[in-house]
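Please examine the sequence and the three-dimensional structure shown here. The explanation that follows leads through selected features in turn.

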Amino acid sequence: MAAKTSSVLVQLEELKRHIGNGDAKILRALTKLSKSSFDDAESLIRLHETLLFLRAYPPNAGVLNQVETILKSFGQRVSQLRESGADLAPLDEVEVSGIAGTIVTSNFSHQIARWLVAKYPGQVSIDWDWFEEDDRFGATMPRFLPLLAEDAMVEAHVPYRQWLRAAKGRRNDLGWILERFESLKISDQAKAELYDSLKLHVIWKFGGRASRTQMKLAARKVFFHRTPLIQRREVSLVKELTSPPIPVEKLSRAAGEKILDLARETSAVRYRELHGFTYGDSRRVLKATLGRGTEAFVLGVRPENRLPLRAYHAALILKNGVPVAYFEGLSIFERLESGFNLYYTFREGETAWLFGRILHLMRQLLGVTVFSIDPYQVGHENEEGIESGAFWFYRKLGFRPVRPALMKLALAEEQKIARSRAYRTPARRLRKLAAGHMLFEMPGASAGAWDRFQIRNVGLAVQERMAGDFGGDAQKIRADSVSFIKRALDLGTRRWSGSELRIFESFALVLAMIPGIARWNASEKQLAARIISAKARGDEALYLRLMQGHARMRAAVIGFGL
């Protein structure tokens with residue numbers, strides 16, 4: 001890359017950090033770069049990511065139009081790089097994958113592999129160069145390939161691809177295998193487990209529309225950032241969480257399917273999968289208008305894919321139609337575990353404002369008042385979180401470490417920062433601070449009630465009861481708990497589906513540990529029955545709202561989780 005082009009690219013990267021100031025310079029830089037060629041992948045990536053940022057945060061129509069024009073050329077630019085013999089390996093990095101003209105290869109789950117074959121049958125295939133599971137293939141495929149056992153059971157080097165080519169004819173190899181799994185008379189979960197055991201790597205040669213380069217939902221009106229972006233210091237979570245309601249509408253099932261497709265595409269081209277996107281329920285998709293050109297699409301999951309105890313909600317977040325982040329919320333009673341993930345490209349945007357709006361939305365939809373941050377989000381075994389100073393991002397928004405020792409350390413660090421603006425918390429200390437959860441409690445919430453709670457401890461309590469009272473037999477404890485809770489709550493389940501009964505069974509394991517549950521009064525039993533029904537058959541937002549009204553159940557579950 002010419003020195004002049006490099007200088008202009010550096011200038012553009014700096015200008016994007018000061019949206020609202022010097023926008024004319026941004027347009028001039030874009031005009032120059034539109035005529036420039038790049039001879040290395042790293043520089044082309046830098047241009048691409050800067051363009052996506054400006055697409056999401058455009059200062060004016062002129063800049064946005066120029067950004068769109070340059071982005072349309074990226075498929076050709078990547079092809080030119082490939083033809084020149086340049087090293088294209090940087091284009092495969094997780095942070096920047098999905099650029100037009102590239103491909104992704106990943107060990108996608110059964111559900112996503114099915115979705116890819118259904119939506120993009122001509123773009124996906126098996127990458128046999130990554131195939132290493134000969135033993136699993138030999139054990140699984142004889143049910144689909146007659147007489148394969150003659151080879152697989154005794155020969156050391158079986159030509160499985162030759163067998164597959166002979167059987168599938170002209171069919172796509174991945175599509176043929178998935179069809180064979182669909183024909184099995186077993187549950188979807190069993191099919192998924194069997195397919196996933198093969199660890200097949202799938203190549204997706206995605207088209208331009210599914211690439212990050214062209215991935216965009218049409219926006220009715222573009223929000224132009226004519227003034228500087230909102231900074232973290234300008235955001236108050238307390239004010240945000242008590243501000244007027246966010247406009248929300250429920251999408252039709254067809255519209256929900258389109259959002260699910262977009263969410264899966266957004267993840268797949270980044271080598272990612274998210275439970276809420278993979279198993280999202282198109283009947284339960286909400287569109288929330290957050291303001292400043294930002295929309296959040298909140299998804300629930302189908303009953304058969306729900307967690308046993310916690311409610312699960314995911315959200316895809318778009319800025320001027322561009323996917324910029326995703327959110328995962330795991331809730332029980334009034335406590336929500338927050339997983340906010342901003343895509344790498346947009347981390348210099350209005351992150352704190354966006355995070356506050358999402359928590360506001362969850363508060364509005366679910367009634368939650370306590371927000372928890374997992375140690376990984378803060379930097380535990382996550383060097384990216386350490387480098388970005390994630391602990392201080394959450395701390396300055398009002399979150400607190402729940403461990404007394406970590407709170408003491410945080411206060412000591414805050415004193416050092418107050419004494420010297422130049423002071424920066426060393427990485428080794430940030431790693432210590434990241435060792436525990438952080439909580440934010442709304443005014444009026446029960447302070448400290450959830451400090452030591454961990455959902456894993458509830459499961460461990462069930463295991464201990466199983467070992468002590470049922471000789472370690474899972475079937476016995478399940479049957480006993482279900483029978484006991486049915487009697488205690490006078491609950492009828494004859495018309496429930498298999499997935500609904502599975503959820504009830506898991507819930508019963510916990511309720512059966514509550515001392516004196518059979519002596520609860522009639523209203524408490526009726527509410528408990530409604531809670532179970534909402535979890536198994538209804539909407540998980542209702543499930544949470546009902547839970548928040550059952551004080552005795554809440555106290556018992558918190559106790560199991562300590």
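Glycine 291 lies opposite threonine 294, a residue of strand 6. The model in which this pairing is found is a predicted one. Glycine 291 closes strand 5, which covers residues 280-291, and threonine 294 opens strand 6, which covers residues 294-301. Strands 5 and 6 make a hairpin with two residues between them. One residue of the turn, arginine 292, has a positive phi of about 55°. Along the hairpin, the two strands are antiparallel and are joined by seven bridges.

Strand 6 also has a partner in strand 7, residues 311-319, with which it pairs in the antiparallel sense over six bridges. Within this pairing, glutamate 295 has leucine 318 of strand 7 as its bridge partner. How much of strand 6 is covered? Seven of its eight residues are buried, and the strand is thus described as mostly covered.

These strands belong to a wider arrangement. Strands of a sheet pair through backbone hydrogen bonds, and they may do so in a parallel or an antiparallel sense. Here, nine strands form an open sheet with mixed pairing, in the order 4-5-6-7-8-9-10-12-11. Strand 4 (248-250) and strand 11 (400-401) are the edge strands, each of them pairing on one side only. Further along the order, strand 8 (residues 322-332) and strand 9 (residues 335-342) run antiparallel and are joined by eight bridges. In this pair, tyrosine 326 is matched with asparagine 341 of strand 9.

Attention may now turn to the helices. Helix 7 spans residues 134-140, and aspartate 134 is found in it. Is aspartate 134 buried, partly exposed or exposed? Its relative accessibility is 35%. Buried means under 20% and exposed means over 50%, so aspartate 134 counts as partly exposed. Aspartate 134 and proline 159 are separated by 25 residues in sequence, while their C-alpha atoms are 9.7 Å apart in space.

A further feature concerns charge on the surface. Which residues gather in a patch of positive charge? They are Lys4, Lys25, Arg28 and Lys32. Helix 2, residues 23-34, gives the most to this positive patch, contributing three residues. Arginine 28 has its place in helix 2.

Definitions and conventions
Residues numbered from 1 in each chain as written. Predicted model: local features only at pLDDT ≥ 70, side-chain atom pairs only at ≥ 80, totals over all residues. Heavy atoms only, no water. Buried < 20%, exposed > 50% of the residue type's maximum accessible area, 1.4 Å probe, protein only. Helix = DSSP H or I, 4+ residues; strand = E, 2+ residues; numbered from the N terminus. Pairing = 2+ DSSP bridges. Patch = residues over 30% accessible without salt bridge, like charges linked within 9 Å, V, L, I, M, F, W, Y side chains within 5 Å. Areas by Shrake-Rupley, 256 points an atom, 1.4 Å probe, with all protein chains shown as cover. Salt bridge = Lys/Arg side-chain N within 4 Å of Asp/Glu carboxyl O. Lys, Arg positive; Asp, Glu negative; His and termini not counted. Charge placed at Lys NZ, Arg CZ, Asp CG, Glu CD.
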